[in-house]
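Here are some short exercises to work through with the model open beside you. Try each task yourself before you read its solution.

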Amino acid sequence: HQRHIEAREGTLIMAAYHVVLVHFPIALWMTATLAILWRAVSTGPVALAIDRALVPLLIVGLFSGIVAVIVGLMVWPWDAVSMSPMGRNHILLAVWTVAYWALMLVTRWIQGEALWDGPGRWVMAGLSVLGSGLLGITGTLGGHLAGIYTDLSKVLRMLGWEVHRTFYVP
């Protein structure tokens, strides 16, 4: 019985770490979205300065996202999470989100300044908005798992996506 209590306390501590850690990639990737949108519509000195900070911003966001996913996987036993459709979908969306923003980093890194010439700027802007949407849905689902509901689930419901039914269906 004592080991069960200690294991439960350890899980609660890890859950608290996960809750704190997820806010770093969220803040960094949302900031990256704003930076990309600014750079897409401007070639001014501020936009150029923001663009110089974009790759480091995406690198730190990627690192913090990977750490948040790893700690999140340590919160509950794999058997429990994998048996829950909501748990499986949250893990899936979290991994997709990290992979998506990793591809955004690689794209910006490889393309360099040429990315902002021609239609590439609008593609990047659209992809950043899409990535922010994926990030928001991932966070919303994580919030539901933690018992913290967001207004985004109300927006998704208005768009015809019932969060509980969709995420609870195996």
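**Exercise 1.** Find the accessible surface of the chain and the share of it that belongs to carbon and sulfur atoms.

*Solution.* In this predicted model, the accessible surface of the chain comes to about 9,900 Å². Carbon and sulfur atoms account for 74% of that surface. As for the inside, 39% of the chain's 170 residues count as buried.

**Exercise 2.** List the elements of the chain in order from the N terminus.

*Solution.* Start by counting: the chain has eight helices and zero strands. Written from the N terminus, the order is therefore α-α-α-α-α-α-α-α.

**Exercise 3.** Which residues make the nonpolar surface patch, and is Trp109 buried or exposed?

*Solution.* First, name the members: Ile59, Val106, Trp109 and Ile110 form a patch of about 430 Å². Next, look at where they come from: helix H5 (residues 85-111) gives the largest share, three residues. Trp109 lies in helix H5. Finally, compare with the cut-off: exposed means over 50% relative accessible area. Trp109 has 56%, so Trp109 is exposed.

**Exercise 4.** Which residues touch the most other members of the largest nonpolar core, and which helix gives the most to it?

*Solution.* The core has 27 residues, and Leu54, Leu58 and Trp101 touch the most other members. Helices H2 (23-41), H3 (45-75), H5 and H6 (120-146) each supply at least two residues of this core. H5 gives the most, with eight residues. Now zoom in on Leu58: leaving aside neighbours within four places in sequence, Leu58 is in contact with Trp29, Ala32, Trp101, Met104 and Leu105.

Methods: Residues numbered from 1 in each chain as written. Predicted model: local features only at pLDDT ≥ 70, side-chain atom pairs only at ≥ 80, totals over all residues. Heavy atoms only, no water. Helix = DSSP H or I, 4+ residues; strand = E, 2+ residues; numbered from the N terminus. Buried < 20%, exposed > 50% of the residue type's maximum accessible area, 1.4 Å probe, protein only. Areas by Shrake-Rupley, 256 points an atom, 1.4 Å probe, with all protein chains shown as cover. Patch = residues over 30% accessible without salt bridge, like charges linked within 9 Å, V, L, I, M, F, W, Y side chains within 5 Å. Salt bridge = Lys/Arg side-chain N within 4 Å of Asp/Glu carboxyl O. Core = buried A, V, L, I, M, F, W, Y, C linked by side-chain atoms within 4.5 Å. Contact = heavy atoms within 4.5 Å.
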